[in-house]
Amino acid sequence: MSTLDVARAELALAVLYLNKAEARDKICRAIQYGAKFLSDGQPGTAQNVDKSTSLARKLFRLFKFINDLHALISPNAPGTPLPLILLGKSKNALLSTYLFLDQFVWLGRSGIYKNKEQTELIGRISFFSWMGSSICTALVEIGELGRLSSSMRKLEKELKNTDKYKNEQYRSKLQKSNERSLALIKAGTDIVVAVGLLQLAPKKVTPRVTGAFGFVSSLISCYQLLPSPPKDKAS
């Protein structure tokens, strides 16, 4: 491929990525939590960026609760253990609740809904729902990683006299394991962010700590949404 072809391919991937509302939301989230880290909860430009970006992001999430509501009533993959099914459904229910309530928070903070106390209460309930969904996500990923590890050990025994990394099935399981490990790290950082936003441990999880963990979580989300680059055609 020529340099121009490479540039076109990279720009096409960038366009594909930025056309996703979810990707734009996560980029804004990185800006929001980066600003929170810089402000450390103190008034100023960084805190204004944090608050304005937080409010703007809520528009990206209007009616997004339908996605997890659909996942809640959808059938699970065959062979999934009952505890993982229950945790997965709990995650969907809690995340759908968070996204649904977040719409009322937007109405309150944009001045459409005038009851400030009710808005703050709804905001706290929504954050507790998000924290619960993150805990469920972490438990699901731990369980799925355990299942993957077990199946990979069995496959390694079958492939002990060959190069396991040349086996397509093994490479696929390894990739899934890496993806789930990253998802587990993200869920863990999101739990810390929720604790910070709810001020459950204000002395340990300060606005700066919340911002740092939120920024890392946002970068992971941005990475997870990256499209796969096209494979080079053999000349």
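The following dialogue reads helix α3, its packing partners and one residue of helix α7 in a predicted model.

Student: What span should helix α3 have, and what separates its end C-alpha atoms?

Tutor: The expectation rests on a rise of 1.5 Å a residue. For the 16 residues of α3, residues 45-60, this gives 22 Å, and the end C-alpha atoms are 23 Å apart, which agrees.

Student: Which residues of α3 are buried?

Tutor: Burial is judged by relative accessible area, with under 20% as the cut-off. In α3, the buried residues are Gln47, Asp50, Thr53, Ser54, Arg57 and Lys58. Viewed down the axis of α3, these buried residues fall within an arc of 145°, so they line one face of the helix.

Student: Against which elements do the buried residues of α3 pack?

Tutor: They pack against α2, residues 21-39, and α5, residues 82-109.

Student: At what angle do α2 and α3 pack, and how far apart are their axes?

Tutor: The angle is about 160°, and the axes are 8 Å apart. Because angles over 145 degrees count as roughly antiparallel, α2 is roughly antiparallel to α3. The crossing of this pair is left-handed. On the α2 side, the residues in contact include Arg24, Asp25, Cys28, Ile31, Gln32 and Ala35. On the α3 side, they include Ala46, Gln47, Val49, Asp50, Thr53 and Arg57. Among these contact residues of α3, Gln47, Asp50, Thr53 and Arg57 are also buried.

Student: How do the axes of α3 and α5 cross?

Tutor: The axes come within 10 Å and cross at roughly 130°. That angle makes α3 oblique to α5. The handedness is stated separately: α3 passes α5 in a left-handed crossing. Ser54, Leu55, Lys58 and Leu59 of α3 make the contact with Asp102, Val105, Trp106 and Arg109 of α5. Ser54 of α3 thus appears in the contact with α5 and also in the contact with α2.

Student: Turning to another helix, is Ala194 buried or exposed?

Tutor: The same kind of reading applies to a single residue. Ala194 lies in helix α7, residues 168-197. Its relative accessible area is 0%, so Ala194 is buried.

Student: Which residues does Ala194 touch, leaving aside those up to four places away in sequence?

Tutor: Ala194 touches Phe127, Trp130 and Met131.

Student: What separation is found between the C-alpha atoms of Ala194 and Ile142?

Tutor: Sequence separation and spatial separation are read as two values. Ala194 and Ile142 are 52 residues apart along the chain, and their C-alpha atoms are separated by 20 Å.

How values were computed
Residues numbered from 1 in each chain as written. Predicted model: local features only at pLDDT ≥ 70, side-chain atom pairs only at ≥ 80, totals over all residues. Heavy atoms only, no water. Helix = DSSP H or I, 4+ residues; strand = E, 2+ residues; numbered from the N terminus. Expected span 1.5 Å × (residues − 1). Buried < 20%, exposed > 50% of the residue type's maximum accessible area, 1.4 Å probe, protein only. Arc of directions from axis to C-beta. Contact = heavy atoms within 4.5 Å. Axes fitted to C-alpha atoms, helices over the stretch in contact; angles between N-to-C directions. Parallel < 35°, antiparallel > 145°, perpendicular 65-115°, else oblique. Left-handed = near helix turned anticlockwise from the far one by under 90°.
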